[in-house]
Amino acid sequence: MNSYLILLKILSDGEIHSGQKLSASVGVSRAAIWKQLQKLQEVTGLSLTSIKGKGYCLVGGLELLDRKLILPLLASGVAGQLHELDIRDQIDSTNTVALSWALKNARSGYVVVAEQQSAGRGRRGRNWVSPFGCNLYCSVVWGFQNGAAALEGLSLAVGVAVARALKTIGISQVEMKWPNDVLWGGRKLAGILLEMSGDAAGHCQVVIGIGINVSMTDSLSASAIDQPWTDVNSAAGAKVSRNQLLARLLSELLPALLEFEKNGFEAFHSEWSEMDAMVGRLVTVRLGEQLIIGKAAGVSTNGSLALDTDIGRQWLHGGEVSLRL
Ligand code: BTN
């Protein structure tokens with residue numbers, strides 16, 4: 001492990017640590033420690049406080065992802081569906097890592113999470129802002145037998161699983177914006193990005209990438225988000241443990257994927273519809289270069305959006321929705 005990450009793990013308790021103790025932990029000189037602490041701040045965007053004569057401190061501490069805390073919190077039976085929980089410090093994108101795993105190994109239930117993504121991907125080529133240690137960045141690999149057509153509605157079902165997890169920590173009134181934005185108070189709380197490998201007509205592996213804003217305290221990163229957003233701590237009105245939230249997410253998501261495999265989106269349809277943020281509202285849907293305007297009229301049991309337009313009802317299978325004022 002990089003020295004600066006060893007230092008971060010020590011400093012994550014929020015206590016003051018002397019330069020002497022830090023250098024002994026990493027096995028380098030006091031002068032080298034200063035450089036490592038600079039690097040830690042540069043790479044993670046965190047800021048350390050130096051207290052004269054005493055040492056260094058990460059004010060407020062930081063809860064790092066920890067399998068020893070996550071695994072015991074999984075709902076019963078879920079550990080059997082979790083093939084592997086891969087916890088990384090910094091990677092480009094959990095979806096990229098999961099896709100490469102999917103290419104090598106066909107087993108469902110591989111989960112990768114990261115403290116920070118340097119190239120987090122959002123839908124439609126957008127960047128997903130992924131600062132260190134504040135949010136959840138999680139990707140799950142799942143195999144499906146009947147090709148891409150059977151996956152219609154999967155991202156909506158995943159949205160329901162995310163909402164269920166949020167509900168277990170006291171966040172109700174979560175809303176869904178078709179096809180796969182999770183909103184709270186009209187602002188984006190979580191995003192879902194599905195990517196596929198394998199045979200589009202037969203056995204394929206899907207990477208289900210989920211980003212949940214938990215504590216977007218890093219104002220520099222937050223200012224780079226190009227849409228109204230919120231985070232779990234604001235919605236819960238309290239500081240939420242990322243380890244607990246991840247355990248809740250996996251406890252809802254893995255069984256939901258099994259359910260989707262058996263019964264498709266139909267099993268999630270009524271729950272999704274109750275959370276539909278768009279129904280009855282005038283919306284614009286962007287389909288590539290085309291813009292379609294109409295009144296949202298709910299989703300079908302396979303996850304398509306009904307839109308009442310000037311030329312009658314249209315069913316949309318993909319696209320990006322924005323509200324029209
Ligand atoms: C969206 O645009 O709403 C989808 C955002 C998906 C972000 C998550 S974070 C974990 C996973 N890894 C990525 O690079 N993207 C997804």
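**Entry 1: aromatic pairs**

I take two rings of Phe, Tyr or Trp (for Trp, its six-membered ring) as a pair if their centres lie within 6.5 Å. I note that the model I am looking at is predicted. How many aromatic pairs does the rule give? I get a count of 2 aromatic pairs.

I looked up tryptophan 101 and tyrosine 110, which form a stacked pair. Their ring centres are 4.3 Å apart, and the angle between the planes is 10°. I call this stacked because planes under 30 degrees apart count as such.

Are these two residues buried or exposed? I use under 20% relative accessible area as the cut-off for buried. Tryptophan 101 has 10% relative accessibility, so I enter it as buried. Tyrosine 110 has a relative accessible area of 2%, so I enter it as buried too.

I then turned to phenylalanine 144 and phenylalanine 260, an edge-to-face pair. I read 6.1 Å from centre to centre and 90° between the planes. The label follows because planes over 60 degrees apart count as edge-to-face.

Where do these two residues lie? I find phenylalanine 144 in strand S5, residues 136-144, and phenylalanine 260 in helix H9, residues 242-263. They are 116 residues apart in sequence, so the pair ties together parts that are separated along the chain. I also note that phenylalanine 144 and phenylalanine 260 are both buried.

**Entry 2: the ligand**

I looked up where the ligand sits, and it is in the largest pocket. I count 20 residues around the ligand. The closest are Ser93, Gln117, Arg121, Arg123 and Lys188.

Next I checked polar atoms. For glutamine 117, a polar side-chain atom is 2.9 Å from a nitrogen atom of the ligand. For arginine 121, a polar backbone atom is 2.7 Å from an oxygen atom of the ligand. For lysine 188, a polar side-chain atom is 2.5 Å from an oxygen atom of the ligand.

How much of the ligand does the protein cover? On its own the ligand has 410 Å² of accessible area, and I find 99% of that covered by the protein.

**Entry 3: the shell and strand S8**

Which elements each supply at least two residues of the shell around the ligand? I list helix H5 (94-104), S5, strand S8 (187-198) and strand S9 (204-212). S8 gives the most, with 4 residues.

I picked one residue of strand S8, leucine 193. Its relative accessible area is 14%, so I enter leucine 193 as buried. From leucine 193 to serine 251 I read 19 Å, C-alpha to C-alpha, with their positions 58 residues apart in sequence.

Definitions and conventions. Residues numbered from 1 in each chain as written. Predicted model: local features only at pLDDT ≥ 70, side-chain atom pairs only at ≥ 80, totals over all residues. Heavy atoms only, no water. Buried < 20%, exposed > 50% of the residue type's maximum accessible area, 1.4 Å probe, protein only. Near = heavy atom within 4 Å. Polar contact = N/O pair within 3.5 Å; in protein donor to acceptor, adjacent residues only side chain to side chain. Areas by Shrake-Rupley, 256 points an atom, 1.4 Å probe, with all protein chains shown as cover. 1 Å grid on protein atoms, 1.4 Å probe; cavity = no way out; pocket = protein on both sides within 12 Å on 5 of 7 lines; lining within 4 Å. Sits in = over half its atoms within 2 Å of the grid points.
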